[in-house]
Amino acid sequence: MTTATTTTTRVIRDHDRPLWRRVLVTREFAIIGLLALVLIVSTVTIRGFAQPITYNYLLLDVAPILLIALPMALVMITGEIDLSVGSMVGLSSVVTGVLVQSGAPFEVAAIAALLVGVVGGAFNGFLVTIVGLPSLAVTIGTLALYRGLAVGLLGTTAVTDFPDFWKALAKAKIAGTQIPYIVVPFLVLLVVFVVILHFTAFGRGIFAIGLSKDAARFSGVNVERTKFILFVLSGVVAAFAGIFYTLRFGSARGDNATGLELQVIAAVVLGGVSVFGGRGQLHGVVAAVLLIGVLSSALRLAGVTSDVINIITGGLLIFSVIAASVLAWVQRIRAKAGPPLRVAASSAP
């Protein structure tokens, strides 16, 4: 009597595609493609957009968002959020201005502002990780707290007496180009955050926390310490952005960068970071920030009002969230159908 046996092998669907498809056919590269398309269309159709000076002002405008979006992406991958970054930009700006006004050297004032960012981020992290409060509620509260401190320290006045050297440096260009110097610290931070997120055990722990906090903890990830570090990073980078913001506009005010946190979160979500955590790539976030900046700059040159620009940006963000939800739904349907089966071998004794 002869019997035949069939051995089957289950294949993980995500890795059943060629490498180029897994790398290129992603939401992040879709954003990069859309950015390239908007650049081409704007260059061809809008007069004056292709001038080098336009790109200089574009990079200066989006620099604070680019800086803050790096730690914000990591925070949101863990499933948390930091809504206080805009207020921290304002608070660090005011601290810098008040100390300079009192006679302190600018370098000392800048260091003090960075320390304020560390303390503010640590306070957020303490309430979220030690006390156990939800980050949404905590950072809404500290958004109001830090903004209130900024306005309380300086009132309705503005400090404008900053050293000419530092103000010029904030707007200076790399020799022979229209690229501002602020791009250099951004690129350094980008490399640091990319290495942390994608090439270290700490970064894998960030993704694990976003996918399942309990599973990450049982796998040996110190969930509370990881989140605390990320909130501190978010605070100190926001403070650094506040110093640049102050020098770029030459003014320290309590209402500096009001609403900036919404632009940062919009760019991070548009760049492919899941609002539920566990997913995100930094190149998508950077491309999304540039996309929003290019789109806003092009529309302004075309004579479109700021209200319409906000509507278009908000619509783009809503579309990206809906598209991500639809894709996730399709993937769940496909997963319920079961992974493909492949016949590995047939034998007959």
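Helices in this report are DSSP runs of H or I with at least four residues, numbered from the N terminus. The model is predicted, so local features need pLDDT of at least 70 and side-chain atom pairs count only at pLDDT 80 or more, while totals for chains, interfaces and linings use all residues. Residues are numbered from 1 along each chain as its sequence is written, and side-chain values use heavy atoms, with hydrogens and water left out.

**Two helices**

Helix α11 covers residues 223-249 and is followed by Gly250, whose phi is positive, near 65 degrees. The expected span of a helix is 1.5 Å times one less than its number of residues. For the 27 residues of α11 this gives 39 Å, and the end C-alpha atoms are indeed 39 Å apart. Accessibility is described in three classes: buried (under 20% relative accessible area), exposed (over 50%) and partly exposed (in between), with a 1.4 Å probe and protein chains only. In α11, 19 of the 27 residues are buried, so the helix is largely enclosed by the rest of the structure.

Helix α13, residues 282-301, has 20 residues. The distance from its first C-alpha to its last is 29 Å, close to the expected 28 Å. This helix is mostly covered, as 16 of its 20 residues are buried. Just after α13 comes Gly303, with a positive phi of about 90 degrees.

**Salt bridges**

A salt bridge is counted when a side-chain nitrogen of Lys or Arg lies within 4 Å of a carboxyl oxygen of Asp or Glu. In general, side chains of opposite charge can pair when their charged atoms come close. The structure holds 8 salt bridges, including the three in the table.

| Pair | N to O distance |
|---|---|
| Glu28 and Arg279 | 3.1 Å |
| Asp61 and Arg300 | 3.7 Å |
| Lys167 and Asp164 | 3.8 Å |

The pair of Glu28 and Arg279 ties together parts that are 251 residues apart in sequence, because Glu28 lies in helix α2 (residues 27-45) and Arg279 in the loop between α12 (260-270) and α13. Glu28 is buried, with a relative accessible area of 3%, whereas Arg279 is partly exposed at 38%.

Asp61 belongs to helix α3 (residues 52-77) and Arg300 to helix α13, so their salt bridge links parts that are 239 residues apart in sequence. Both partners are partly exposed: Asp61 has a relative accessibility of 36% and Arg300 one of 46%.

Lys167 and Asp164 both lie in helix α7 (residues 164-171), 3 residues apart, which is about one turn of the helix. An α-helix has 3.6 residues a turn, so residues three or four places apart point the same way. Asp164 is exposed, at 59% relative accessibility. Elsewhere, salt bridges that share partners join Asp61, Arg248 and Arg300 into one network.

**Ser274 and its surroundings**

Ser274 is placed in the loop between α12 and α13. This residue counts as buried, at 19% relative accessibility. Leaving aside residues up to four places away in sequence, Ser274 touches Met76 and Arg279, where contact means heavy atoms within 4.5 Å. Arg279 is also the salt-bridge partner of Glu28. Between Ser274 and Gly79 the C-alpha to C-alpha distance is 8.2 Å, although the two are 195 residues apart in sequence. A polar atom of the Ser274 side chain lies 3.1 Å from the backbone nitrogen of Phe276.

Conventions. Helix = DSSP H or I, 4+ residues; strand = E, 2+ residues; numbered from the N terminus. Polar contact = N/O pair within 3.5 Å; in protein donor to acceptor, adjacent residues only side chain to side chain.
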